[in-house]
Amino acid sequence: MERGKVKKKDKGKEAEKGKEDKEKRKDSEKEKTKDREKEKGKGKEERSRNKEEDKKKESESDKEKEQLKGKEDDRRVLGKPVLEPPEKNNHILVLGLDGAGKTSVLYSLALNRVQHSEAPTQGFHEVCINTEHSQMEFLEIGGSEPFRSYWEMYVSRGLLLIFVVDSADHNRLPEAKKYLHRLIKINPIIPLVVFANKQDLKTAYHITDIHEALGLSDVGNDRTMFLFGTQVTENGSEIPSTMQDAKDLIAHLATHMQ
Ligand SMILES: Nc1nc2c(ncn2[C@@H]2O[C@H](COP(=O)(O)OP(=O)(O)OP(=O)(O)O)[C@@H](O)[C@H]2O)c(=O)[nH]1
Ligand SMILES: [Mg+2]
């Protein structure tokens with residue numbers, strides 16, 4: 001009897017244990033399925049993250065390509081300085097002392113956004129600027145001493161003279177004045193556009209002082225003459241409205257001189 005009882009108890013216990021084991025198995029199966037689902041989820045997440053990264057990389061390389069293309073396009077528009085004097089006449093001449101900002105102004109007019117020059121112009125620099133109604137051939141001649149003798153050669157056959165001065169370089173304004181007056185004497189009809197550049201500098205003279213310092217009231221009553229305050233500041237920014245106005249006026253004058 002005793003034994004039987006024990007057996008019965010044991011049987012009961014065994015059955016209980018069996019149930020528990022089943023439950024445990026079920027639980028662990030559930031856990032495993034959860035884990036599998038989690039892994040699947042993780043896999044999906046990872047795949048979509050990888051896709052996003054690939055997309056990001058693609059758009060970054062597209063941006064780089066665009067930037068490179070932009071730079072190439074800029075280089076095509078801006079050309080390169082050359083040592084050989086160009087043959088053609090009817091240029092819009094861009095002259096003025098070294099460092100006045102001729103190249104920077106020219107680049108910015110050509111691109112319609114601010115672009116500083118990277119080096120002094122050693123020789124000649126031709127830039128063609130197209131507008132809606134006209135095509136303009138600009139010629140900058142370097143402002144350093146060795147190139148100044150060419151200024152006079154070209155001014156007699158130029159269409160228009162743009163004379164650029166550094167408005168903050170007070171000490172060299174008399175020198176700039178001397179060259180400007182020499183040039184306009186050679187060609188009594190060439191229209192003159194003066195750029196009082198570097199207006200962004202604190203020490204820059206106001207255009208009325210530049211007018212005075214360059215003796216512009218003696219330039220001649222019959223000559224067309226304009227004076228603009230200009231500035232070439234942060235690379236890539238929009239050109240100031242005065243420079244846009246100056247560009248429109250230059251296009252207008254050049255068409256009427258042809
Ligand atoms: N702050 C300021 N700097 C300018 C401006 N324009 C030009 N510069 C700077 O002045 C320096 C000379 O500019 P360039 O455009 O090379 O001058 P340039 O008249 O062409 O000189 P050359 O080619 O040597 O005759 C560069 O460091 C330009 O970045 C301006 O409006 N404001
Ligand atoms: Mg230059």
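This passage describes the fold, the enclosed helices and the ligand sites of a predicted model.

The protein chain comprises six helices and six strands. Read from the N terminus, these elements follow the order α-β-α-β-β-α-β-α-β-α-β-α. Of the 258 residues in the chain, 34% count as buried. The chain exposes about 17,100 Å², of which carbon and sulfur atoms supply 49%. Among contacts between residues at least 6 apart in sequence, 74% join residues at least 24 apart.

Helix H2 spans residues 102-111. Its buried residues are Lys-102, Thr-103, Ser-104, Val-105, Leu-106, Tyr-107, Ser-108, Leu-109, Ala-110 and Leu-111. Because 10 of the 10 residues of H2 are buried, this helix is largely enclosed by the rest of the structure. The residue that follows H2 is Asn-112, which has a positive phi, near 60°.

Helix H3, formed by residues 145-155, contains the buried residues Phe-147, Arg-148, Trp-151, Tyr-154 and Val-155. Viewed down the axis of H3, these buried residues fall within an arc of 115°, and they therefore line one face of the helix. The exposed residues Pro-146 and Ser-149 are carried on the face of H3 that is turned away from its buried side. The packing partners of the buried residues of H3 are strand E1 (92-95), strand E2 (124-130), strand E3 (135-141), strand E4 (160-166) and helix H4 (173-186).

One of the buried residues of H3, Val-155, is also touched by Asn-187. Asn-187 is located in the loop between H4 and strand E5 (192-197). With a relative accessibility of 7%, Asn-187 falls under the 20% limit and so counts as buried. Leaving aside residues up to four places away in sequence, Asn-187 touches Val-155, Ser-156, Gly-158 and Arg-223.

The magnesium ion (ligand 2) has as its protein donors Thr-103 (OG1), Thr-121 (OG1) and Glu-140 (OE), which lie 2.0 to 2.2 Å from the ion. Along the chain, the donors of this ion follow the spacing T-x17-T-x18-E. Thr-121 and Glu-140 link distant parts of the chain: Thr-121 is in the loop between helix H2 and E2, Glu-140 is in strand E3, and the two are 19 residues apart. Thr-121 counts as buried because its relative accessibility is 6%. Glu-140 likewise counts as buried, at 2% relative accessibility. Thr-103, the donor that belongs to H2, is among the buried residues of that helix.

Ligand 1 is surrounded by 21 residues, of which Lys-102, Ser-104, His-116, Ser-117 and Val-232 come nearest. Lys-102 and Ser-104 are also among the buried residues of H2. Thr-103, a donor of the magnesium ion, has a side-chain N or O atom 2.9 Å from an oxygen atom of ligand 1. An oxygen atom of ligand 1 also lies 3.1 Å from an N or O atom in the side chain of Lys-198. For Asp-200, an N or O atom of the side chain is 2.8 Å from a nitrogen atom of ligand 1. Taken alone, ligand 1 exposes 650 Å², and the protein buries 82% of that area.

Technical notes:
Residues numbered from 1 in each chain as written. Chains lettered and ligands numbered in written order. Predicted model: local features only at pLDDT ≥ 70, side-chain atom pairs only at ≥ 80, totals over all residues. Heavy atoms only, no water. Buried < 20%, exposed > 50% of the residue type's maximum accessible area, 1.4 Å probe, protein only. Helix = DSSP H or I, 4+ residues; strand = E, 2+ residues; numbered from the N terminus. Arc of directions from axis to C-beta. Contact = heavy atoms within 4.5 Å. Donors = N, O, S within 2.8 Å, 3.2 Å for Na, K, Ca; no water. Near = heavy atom within 4 Å. Polar contact = N/O pair within 3.5 Å; in protein donor to acceptor, adjacent residues only side chain to side chain. Areas by Shrake-Rupley, 256 points an atom, 1.4 Å probe, with all protein chains shown as cover.
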